[in-house]
Amino acid sequence: MTKTKAYSAASATSPLVSTTIPRRDPTEGDVQIEILFCGICHSDLHYVRDEWHDVMPAVYPCVPGHEIVGRVTTVGSAVSKFKAGDLVGVGCMVDSDHTCPNCRAGLEQFCPNMVLTYGSPDRHKTAPVTYGGYSDSIVVDESFVLRIPANLGLAGTAPLHCAGITTYSPMRHWGVTTGKKVGVVGLGGLGHMGVKFAHAFGAHTVVFTTSPNKKEDALRLGADEVVVSRNADEMQKHAGSLDFILDCVAAEHDINAYINLLARDGNITLVGAPEKPLSVSAFSLIFGRRSLSGSPIGGIAETQEMLDFCGAHNITADVEVIPIQKINEAYERMAKSDVKYRFSIDMASLKSE
Ligand SMILES: [Zn+2]
Ligand SMILES: [Zn+2]
């Protein structure tokens with residue numbers, strides 16, 4: 001076991017502070033990674049503040065971070081895919097049972113025994129729970145380590161491991177491609193990736209936002225049209241016309257207004273998670289055989305596919321790079337959606353602690 005520098009929170013009301021945490025020595029199938037950048041996901045904030053207590057109670061001290069990019073320092077004797085010096089990534093999962101029907105289908109995100117990058121019971125007993133990427137290094141089973149295309153900027157590549165795959169996977173599942181008309185609701189960390197992917201897939205991309213001042217940015221990110229959702233006339237123009245809508249809004253909102261924009265057999269997928277149940281009109285779904293679904297991240301094979309797609313199309317997240325010492329301030333700003341469009345922590349800043 002080795003000790004590594006990290007930032008952790010001691011309770012739901014404590015700030016994140018500098019600390020040291022244990023990491024296991026690499027077993028034969030493990031890859032040890034020096035972390036270079038870690039994105040800040042909204043889930044990190046929810047977890048640290050124990051806001052998802054009913055679904056996933058936080059265990060303290062907690063070390064969040066599941067948008068990890070780094071360089072391999074050591075590999076175990078049985079590791080075949082990676083060697084020291086490789087640029088790699090780690091997302092929301094670090095292990096699974098490898099044997100259930102979901103794992104066999106390459107859909108580890110649905111494995112009942114999946115191990116989250118932070119906050120899951122630690123099978124190796126190095127600590128009570130797994131610790132995430134707000135740290136100097138991490139040790140991960142090679143089957144959950146991803147390869148990063150050499151042409152991508154590392155700070156903007158980190159968020160691809162959660163925000164990227166969360167938006168890429170449902171678009172692939174629902175067949176977003178050239179000739180389709182696709183809506184993206186909400187232009188934040190998830191939404192801005194959704195726009196980039198929809199555009200890169202060749203779809204006619206419509207962004208729905210509550211803020212008229214996001215119009216220019218949406219067009220820059222790849223939108224063909226921007227609709228201010230409070231404007232009923234603008235909304236009505238798109239009624240019954242969209243093949244797919246990615247709903248990235250985590251706050252309460254009227255989903256029926258968007259279901260009515262779907263064409264026959266259109267689908268709206270939720271990737272944002274509002275706290276309270278949504279009220280859905282059955283008629284809106286029935287007339288038009290429309291469907292409503294949700295989607296979490298993606299499997300490891302698909303996450304690699306997404307990274308390779310980003311390499312081929314030069315796609316990264318738009319990030320504001322911060323030193324780890326500004327993490328608490330970044331959380332306050334993220335809670336107010338005051339970031340374009342993701343924070344990425346430069347982990348070199350942790351070395352000076
Ligand atoms: Zn996340
Ligand atoms: Zn499984």
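Below are worked exercises on a predicted model.

Residues are numbered from 1 along each chain as its sequence is written, and chains are lettered from A and ligands numbered from 1 in the order in which they are written. In this predicted model, local features need pLDDT of at least 70, side-chain atom pairs count only at pLDDT 80 or more, and totals for chains, interfaces and linings use all residues; side-chain values use heavy atoms, with hydrogens and water left out.

**Exercise 1. Find the donors of the zinc ion (ligand 2) and classify its site.**

Step 1. Collect the donors, meaning N, O and S atoms within 2.8 Å of the metal (3.2 Å for Na, K and Ca); water is not among the atoms, so sites may look incomplete. Asp-97 (OD), Cys-100 (SG), Cys-103 (SG) and Cys-111 (SG) coordinate this ion at 2.0 to 2.3 Å.

Step 2. Check the angles. Four donors count as tetrahedral if all angles lie between 85 and 135 degrees. The four donor atoms of the zinc ion (ligand 2) give angles of 99 to 117°, and the site is tetrahedral. The ideal tetrahedral angle for four donors is 109.5 degrees.

Step 3. Read the spacing. Along the chain it is D-x2-C-x2-C-x7-C.

Step 4. Check burial (buried is under 20% relative accessible area, exposed over 50%, partly exposed in between, with a 1.4 Å probe and protein chains only). Cys-100 is buried, with a relative accessible area of 10%.

**Exercise 2. Describe the coordination of the zinc ion (ligand 1).**

Step 1. Cys-41 (SG), His-66 (NE2) and Cys-162 (SG) coordinate the zinc ion (ligand 1) at 2.0 to 2.2 Å.

Step 2. The donor residues are spaced C-x24-H-x95-C in sequence.

Step 3. Place the cysteines, using DSSP runs numbered from the N terminus (helices: H or I, at least four residues; strands: E, at least two). Cys-41 sits in the loop between strand S3 (30–40) and helix H1 (42–48), and Cys-162 in the loop between helix H3 (154–157) and helix H4 (163–173). The two are 121 residues apart, so the pair links distant parts of the chain.

Step 4. Cys-41 and Cys-162 are both buried.

**Exercise 3. Count the disulfides, and account for Cys-248 and Cys-310.**

Step 1. A disulfide is a pair of cysteine sulfur atoms within 2.5 Å. The count is zero.

Step 2. Cys-248 forms no such bond because its sulfur is 12 Å from the closest cysteine sulfur, in Cys-162. Cys-248 is buried at 13% relative accessible area.

Step 3. For Cys-310 the closest cysteine sulfur is also in Cys-162, at 14 Å, too far for a bond. Cys-310 is buried, at 0% relative accessibility.

**Exercise 4. Decide whether helix H5 is enclosed or open to its surroundings.**

Step 1. H5 covers residues 189–200, twelve in number. From first C-alpha to last it reaches 17 Å, close to the 16 Å expected at 1.5 Å a residue. The expected span is 1.5 Å times one less than the number of residues.

Step 2. Ten of the twelve residues are buried, so H5 is largely enclosed by the rest of the structure. Among them are Leu-190, His-192, Lys-196 and Phe-197.

Step 3. Look at the flanks. Gly-188 lies in the loop between strand S10 (181–185) and H5, and is partly exposed at 29% relative accessibility. Just after H5, Gly-202 takes a positive phi of about 90°.

Step 4. Add a long-range pair. Gly-188 and Arg-342 are 154 residues apart in sequence and 8.0 Å apart in space, C-alpha to C-alpha.

Conventions
Four donors count as tetrahedral if all angles lie between 85 and 135 degrees; four count as square planar and six as octahedral if opposite donors are over 155 degrees apart and all others between 65 and 115; anything else is irregular.
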